[in-house]
Structures are given as structure tokens and as C-alpha cells.
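Here are my notes on the model, set out as numbered points. They cover backbone geometry, the ligand site and ring pairs.

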Amino acid sequence: MTPPREAEAAEARAVELVREARIDLDAVRRNVSTIAERVHPAAVMVVVKADAYGHGAVPVAEAALRAGATWLGVADLAEAFALRDAGITAPVLAWLHDADAPFARAVERDVDLGISSLDQLESAARVAAEATTTANVHLKIDTGLSRNGVPPEQWQAVVQAAAAHERAGRIRVRGVFSHLANTSAETDAAQLASFERALAAASAAGLAPEVRHLASTAAALRLPEARFDLVRIGIGTYGVTPYGDGTTAADLGLTPAMTLRGRIIAVRRVEPGTGVSYDHTWHAPRATTLALVPLGYADGIPRQASGRGEVLLAGRRRPVVGRIAMDQFVVDVGEDAVAVGDPVVLFGDPASGAPSADDWAAAADTIGYEIVTRIGTRVVRTYEGRA
Ligand SMILES: *Cc1c(COP(=O)(O)O)cnc(C)c1O
């Protein structure tokens, strides 16, 4: 007889497997080392914001560091502290701060601060002075994305103030960076030129940043002149394409790290003309078999992909029919044999026959980034491969 503890664990696991996002850390490591080789001699920062794009920040960070990344990047300081809490000691840069962001704690925990204004620079210098230590900062110039970053007309004032703080030992300008709009070759070139001007001004002010960085995945792979000392790789880590031009992850030599899967929870045979799911947007054109997948928009499956997405079930890709609901959707399996409990893959590595997250993005008129980052909290993350 199975010991009760084990039976309970098996039951718990079976329940979990109704909705599972399986993360392949070997794929993460391969993707990072592939990119690291390609961008060499530039170094690699792996971006693990938003819980590593839904893949789990700590396991991904550990795998990435083992694969050759030397920096980690996040948006918020809370995300940086979570990495430190997990014992990760690699350099971490956080770049998106509100007015009350805990800079003192950042300095104490050795988190580098992305600096987008004179105010932020002054607070970093103030907390460092109070703690009689030095704050590591990366000054961000807005080269044309018009989000955060120091506007070019304020750059001179910021680099001069930073140089003064550096001479006083309060600040170390470890980096200068910017971010591209990925709009066209022309805007890339204009942003690159603006970045070069900002670097020249920083240097003229007496700053000598260790890392100059501009490129995220898209430019790191296609625009060698944007690599500088360091590239910030988010989406490529996860084996999802950064491009909207049809270039797949496989074309880039990258493997999707997340497989989203579940198990069929109901199967029914229906007559021709049967209406399916809310609003009956689909009627069976013939007698057919329908299988019910227990994931819906609450789990991040875009409702926009109703009638357009596909899943891998019983050895083939099968169409989603009718509306995707909060917790479930229906797929048409025709005359094939499918049973309750059969595994279904919503997306994964296309080499396995499954659709990719990028395929779901196309079906929902969005980008693969949004598909993987929006997987909901009911979906259990499990891991395979070596962190
Ligand atoms: C998210 C982000 C990145 C990573 O971009 P990918 O396209 O995912 O590689 C890099 N830099 C900044 C500033 C970001 O916000």
C-alpha cells in the first residue's frame, strides 16, 4: 500500500498538473551561452524583471549566472532585494524607481541604481553619505524612447553633479546606459549617435564608466555596434523572439524555456450545428469530438486568441474553437480518440510539435513577451534541468 503521506503528495501533484508551466533551466542556460558567444567580447546582463518574464526570477538568475551572464537586471528594487534574499551576490542593476524608492537599502544591499534624473542622483548621493559608503549608479540617458532616462538637455548637469559626487566618494558611476525604441534602422542609428554624444559628455566631465550599455535582445543580436561593454538580455533568455518580422526563436538558435501544459478534463461528441462556449461564436460544422482544456484567461490565455490559438493534443495541433473563457476552452479533435486525463500542451518548443508562445502571440495580435509574462498564479511552475 502507498504510505498516506506519499499518496497525499501524489494527489496534490496531480491537482497541480491540471495547469503547469514547466521551466527548462537547461534551455535557459543554452540560450544565455548562445547569446554570450554571439555578443562576445561584450558581457551579458540577464534581465529577470517580472519574475523572469514569468519563469521564476531566482532559478533563472542562478542558471543564467552559471551559463556566463555576469550581471542581472530588474525593474524595481523589490525585485533586486528578492535576488539578494536568495543569496545571489552577482551585480544587480535596478532602473525603475518611484519617488520613495528605498535607495538606502539598495546601497546597503549592494544593488546598483539606474539613475534617470538629477533628483535620483542626489538621493543616491545623500543616502551613501549618510551611510558613509559609496552608491554604485548607472546614469541613464534618454536617447529617444521618451520614457525614463535623463533628457539630453539635462545630461550635462547630471554628469557634472555625478562627477562631483564621485570625487567626494559618495557615488561611483559604474555605468552609462540607454534603451532603444526598436523602431527602424534610422531611429536606431539616431539613438546610437545620441548615446555616443552622451558618453563623450560623461567622459569630458571626468567619468569613466566600467560598463556602457544600450542593447536589449533585439539589438544585441542584430546590431553589433550597439553592444558596447554589456548587453541586457531579457526575452532571448526565455527562447522567445524579440522581433515582429516573423523571425522565430529557432531562427536565432534559441529554445523556448517554458512549456505550458495541462490535462484534458472532459471530452464530448457533438452533433453538426452544436454551438460552443459563450456567445456561440462557433458551431460544429460536422459531428465531431470536443476536448475541454482547463486553462483560461485567468491563467493568461488571451481571450483574443479565441478561435485562433492551437494546442498540441494526441500527437497533433488542434484548433481552439469558440470563446476562451476564464478557466477553460474547447478544442476540436475531429474523429480522433482523446480521453479525459490526456496531456495537452498549449505552448512549448515547436521542435516537439507544440505551438510556441510566439504562435499564441500571433493568434492574439500581441507579442510573445505578453504571453509568457501573463501566466496566472493558478498555474504551478515546475522546473527541469540544472539551475
Ligand atoms: C526589459 C528591459 C530589457 C530587456 O529587453 P528584452 O527585449 O526582453 O531583451 C533591457 N533593458 C531595459 C531597460 C528593459 O526595461
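1. Asp110 belongs to the loop that runs between helix H6 (103-108) and strand S5 (112-115). Its phi is positive, about 60 degrees, although Asp110 is not a glycine. Most residues other than glycine have a negative phi, and most peptide bonds are trans. The model is predicted, and this backbone value should be read as a computed one.

2. A second backbone point concerns the peptide bond from His40 to Pro41, which is cis, with omega near 10 degrees. Pro41 is placed in the loop between helix H2 (25-39) and strand S2 (43-47).

3. Where does the ligand sit? The ligand occupies the largest pocket. Around the ligand are Val47, Lys49, Tyr53, Trp95, His179, Ser216, Thr217, Arg232, Ile233, Gly234, Ile235 and Tyr369. Sorted by class, this shell holds six nonpolar, four polar and two charged residues. Helix H3 (49-54) contributes at least two residues to the shell, and strand S9 (230-233) likewise supplies at least two.

4. Which distances describe the polar contacts of the ligand? From an N or O atom in the side chain of Tyr53 to an oxygen atom of the ligand, the distance is 2.5 Å. For Ile235, a polar backbone atom is 2.8 Å from an oxygen atom of the ligand. For Gly234, a backbone N or O atom lies 2.9 Å from a ligand oxygen atom. With a cut-off of 3.5 Å for pairs of N or O atoms, the Tyr53 pair at 2.5 Å and the Gly234 pair at 2.9 Å fall within the limit. On its own the ligand has 390 Å² of accessible area, and the protein covers 94% of that.

5. How many aromatic pairs does a search of the whole structure find? The search gives four. One of them joins Phe195 and Phe228: the ring centres are 5.0 Å apart and the planes stand at 85 degrees, so this pair is edge-to-face. The cut-off behind that label is an angle over 60 degrees between the planes.

6. The location of the Phe195 and Phe228 pair is also worth noting. Phe195 is in helix H9 (residues 185-204), while Phe228 is in the loop between helix H10 (217-222) and S9, so the pair ties together parts that are 33 residues apart in sequence. S9 (230-233) is also one of the elements that supply at least two residues of the shell around the ligand.

Technical notes:
Residues are numbered from 1 along each chain as its sequence is written. This is a predicted model: local features need pLDDT of at least 70, side-chain atom pairs count only at pLDDT 80 or more; totals for chains, interfaces and linings use all residues. Side-chain values use heavy atoms; hydrogens and water are left out. A residue is near a molecule or strand if one of its heavy atoms lies within 4 Å of it. A polar contact is a pair of N or O atoms within 3.5 Å; within protein, one must be able to donate a hydrogen and the other to accept it, and residues adjacent in sequence count only if both atoms are side-chain atoms. Accessible areas come from the Shrake-Rupley method with a 1.4 Å probe; for residues, only the protein chains shown count as cover. On a 1 Å grid over the protein atoms alone, a cavity is a set of points where a 1.4 Å probe fits but cannot get out, and a pocket is an open set with protein on both sides within 12 Å along at least five of seven lines; lining residues have an atom within 4 Å of a point. A molecule sits in a cavity or pocket if more than half of its atoms lie within 2 Å of its grid points. Helices (H or I, at least four residues) and strands (E, at least two) are DSSP runs, numbered from the N terminus. Ala, Val, Leu, Ile, Met, Phe, Trp, Tyr, Cys and Pro count as nonpolar, Asp, Glu, Lys and Arg as charged, and the others, Gly among them, as polar. Rings of Phe, Tyr and Trp (its six-membered ring) pair if their centres lie within 6.5 Å; planes under 30 degrees apart count as stacked, over 60 as edge-to-face and the rest as tilted.
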